[in-house]
Amino acid sequence: MKTPANEATDGTLAHGVFLFLLLFTLWLLLTGSIDPAELIAGAMVALAVTLISRPHLNIFTGLRLTPGAILPFLSYLGLFLVELIRANLDMARRVLTPSLPLQPALVEVKTELQSPLGRLILANSITLTPGTLTVDVLEDRLVIHWVEVPPGLTIEDATRSITSKFERHLKGFVK
Amino acid sequence: MRLLADIVLLVGAAFTLLGALGLLRMPDVYNRIQAGTKAVTLGALSLILGIGLLYPQWWSKLLVIALLILVTNPLGSSTIARALLIAGVKPWTKTPTTAGKERES
């Protein structure tokens, strides 16, 4: 798939293939046809985009491309959807309560994820879960705006209640 | 199927309405972002699901739209919030004595 392979290591090759398959799947979804001409055009476009974005492939570095990563990914998706619905019900309750029950503050939590991609997914998940909004990522700490901070909260408590439930699943498919 | 699609569309519209109400009622910009992001993300997903039930032949394009919304919506919100924090916008607190402890340190 990669012609100038002298500098590409195994990792980037696997990530290139991953990006190619991702783009090709996107093409299939958008065209919605399995006409051979469409498939060939899609494969060519996906290959071109993959080759052009070679210098940026390291965004996928943290991704685990093993069959064992599928199950954690699916359980993460399930957890994410449940949390998204809970977040909305929680927000609806707050908005509709006349007294507007809020006790907001910025808190910091620690993450054990090492890769930029893992932290990106974690930050996005936190934004869409009940009462939390990721404001900034500083190395291994995430600054989070929380609408209802319990009094006397430490960084360990916040980490336990915000990030841990996602990290457990995320660790299965990103570093 | 028609009834189910209508219900899903209505739920989506209701969540979007709640999001708009949240924008009006929340005391500061961070809380507004919170209300807006969550409600609009689930509202849009719900609307997309409803459209998918009405027009099953569009499912592949709707799936792409849903994934893009899921990835970009929280990212945009976080970026706006980060810019606000860097610009020095202080989060609103109800009682500065209890909730303001973490951000002063």
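Visitor: How many residues of chain A and of chain B are in contact?
Guide: The model is predicted. Contact here requires heavy atoms within 4.5 Å. By that rule, the numbers for chain A and chain B are 41 and 42 residues.

Visitor: How much area do chain A and chain B bury between them?
Guide: The size of an interface is often given as the accessible area lost when the parts come together. Of the area buried here, 68% lies on carbon and sulfur atoms. For chain A and chain B the total is about 3,500 Å².

Visitor: Which residue of chain B forms a salt bridge with A:Asp136?
Guide: Across the interface of the two chains, the rule finds one salt bridge. The cut-off is 4 Å between the nitrogen and the carboxyl oxygen, and the closest N and O atoms of this pair are 2.6 Å apart. The partner of A:Asp136 is B:Arg82.

Visitor: Which element supplies the largest share of the side of chain A that touches chain B?
Guide: Several elements of chain A each supply at least two residues to that side, including helix H1 (10-31), helix H3 (70-96) and strand S2 (132-138). The largest share is ten residues, and the element that supplies it is H3(A).

Visitor: How many residues of that side of chain A are nonpolar, polar and charged?
Guide: Gly counts as polar in this division. The side of chain A that touches chain B divides into 28 nonpolar, twelve polar and one charged.

Visitor: What pattern does chain B follow along the sequence?
Guide: Chain B has five helices and zero strands. Read along the sequence, the pattern of chain B is α-α-α-α-α.

Technical notes. Residues numbered from 1 in each chain as written. Chains lettered and ligands numbered in written order. Predicted model: local features only at pLDDT ≥ 70, side-chain atom pairs only at ≥ 80, totals over all residues. Heavy atoms only, no water. Buried area = accessible area lost by both parts, 1.4 Å probe. Salt bridge = Lys/Arg side-chain N within 4 Å of Asp/Glu carboxyl O. Helix = DSSP H or I, 4+ residues; strand = E, 2+ residues; numbered from the N terminus.
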